[in-house]
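Student: Please take a close look at one helix in this model, and set it in the context of the rest of the chain. I would like one connected account rather than a list.

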Amino acid sequence: MDGDKKTRKALKIAVSISGVVSASFVGSDKDQIAVTGEGIDSVELTTLLRKKVGYTELVSVGPVEAKKDEPKDSKPAVQIDPYQYYYQSYGVPYYYYVY
């Protein structure tokens, strides 16, 4: 990408697509954008980038490699009771009483 303005514009377009979780610059010259997410329309993304930024090439499309979660020896999480301060009712306002 030529200038700073075009790089910011390209990143802004990439993030605006629905389903995008993250977008970052990759490559030796930081001239490629890696977009991760679920349900991203790659054709729509490349079309928008071609229209608004310039030359765009789709390098690869594939599933994200899952990271292996190692079990951690941590303390059990403290459970919070969401209904601790539950109030039944504030009552009927005085002007609704019928005499």
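Tutor: Among the contacts in the chain with a separation of 6 or more, 26% are between residues 24 or more positions apart. This is a predicted model, and the values below are computed from it. The chain has 99 residues, of which 11% count as buried. It exposes about 9,600 Å², and carbon and sulfur atoms supply 53% of that area. There are two helices and two strands, and along the sequence they follow the pattern α-β-β-α.

The helix to look at is α2, which covers residues 42-52. L45, T46 and L49 are buried in α2. Seen down the helix axis, the buried residues fall within an arc of 90 degrees, so they line one face of α2. V43 and K51, on the other side of α2, are exposed. The buried residues of α2 pack against α1 and β2. After α2 comes G54, with a positive phi near 145 degrees.

Within α2, T46 deserves a separate look. T46 has a relative accessible area of 9%, and it counts as buried because the cut-off is under 20%. Its side chain reaches the backbone oxygen of V43 at 3.0 Å. V43 itself is one of the exposed residues on the other side of the helix, so the contact links a residue that is buried to the backbone of one that is exposed, where exposed means over 50% relative accessible area. Leaving aside residues up to four places away in sequence, T46 touches T56 and L58.

Now the two elements that α2 packs against, α1 and β2. Helix α1 covers residues 4-16 and contains T7. The relative accessibility of T7 is 16%, so T7 is buried by the under-20% cut-off. The side chain of T7 reaches the backbone oxygen of D4 at 2.7 Å. D4 also takes part in a salt bridge: its side chain meets that of R8, with 3.4 Å from N to O. The structure holds one salt bridge. D4 and R8 are both in α1, four residues apart, which is about one turn of the helix. D4 is exposed, at 54% relative accessibility, and R8 is exposed as well, with a relative accessible area of 53%. In α1, then, D4 offers its backbone oxygen to the side chain of T7 and its side chain to R8.

Strand β2, the other partner of α2, covers residues 32-37 and pairs with β1, residues 20-26. The pairing is antiparallel, over six bridges. Within it, S24 stands opposite A34 in β2. The hairpin of β1 and β2 has five residues between the strands, and there G27 takes a positive phi near 100 degrees.

To return to α2: its buried residues, L45, T46 and L49, pack against α1 and β2, while V43 and K51 are exposed on the other side.

Technical notes. Residues are numbered from 1 along each chain as its sequence is written. This is a predicted model: local features need pLDDT of at least 70, side-chain atom pairs count only at pLDDT 80 or more; totals for chains, interfaces and linings use all residues. Side-chain values use heavy atoms; hydrogens and water are left out. Buried means under 20% relative accessible area, exposed over 50%, partly exposed in between (1.4 Å probe, protein chains only). A polar contact is a pair of N or O atoms within 3.5 Å; within protein, one must be able to donate a hydrogen and the other to accept it, and residues adjacent in sequence count only if both atoms are side-chain atoms. Two strands pair if DSSP finds at least two bridges between them. The arc is that of the directions from the helix axis to the C-beta atoms. Contact means heavy atoms within 4.5 Å. Accessible areas come from the Shrake-Rupley method with a 1.4 Å probe; for residues, only the protein chains shown count as cover. A salt bridge is a side-chain nitrogen of Lys or Arg within 4 Å of a carboxyl oxygen of Asp or Glu.
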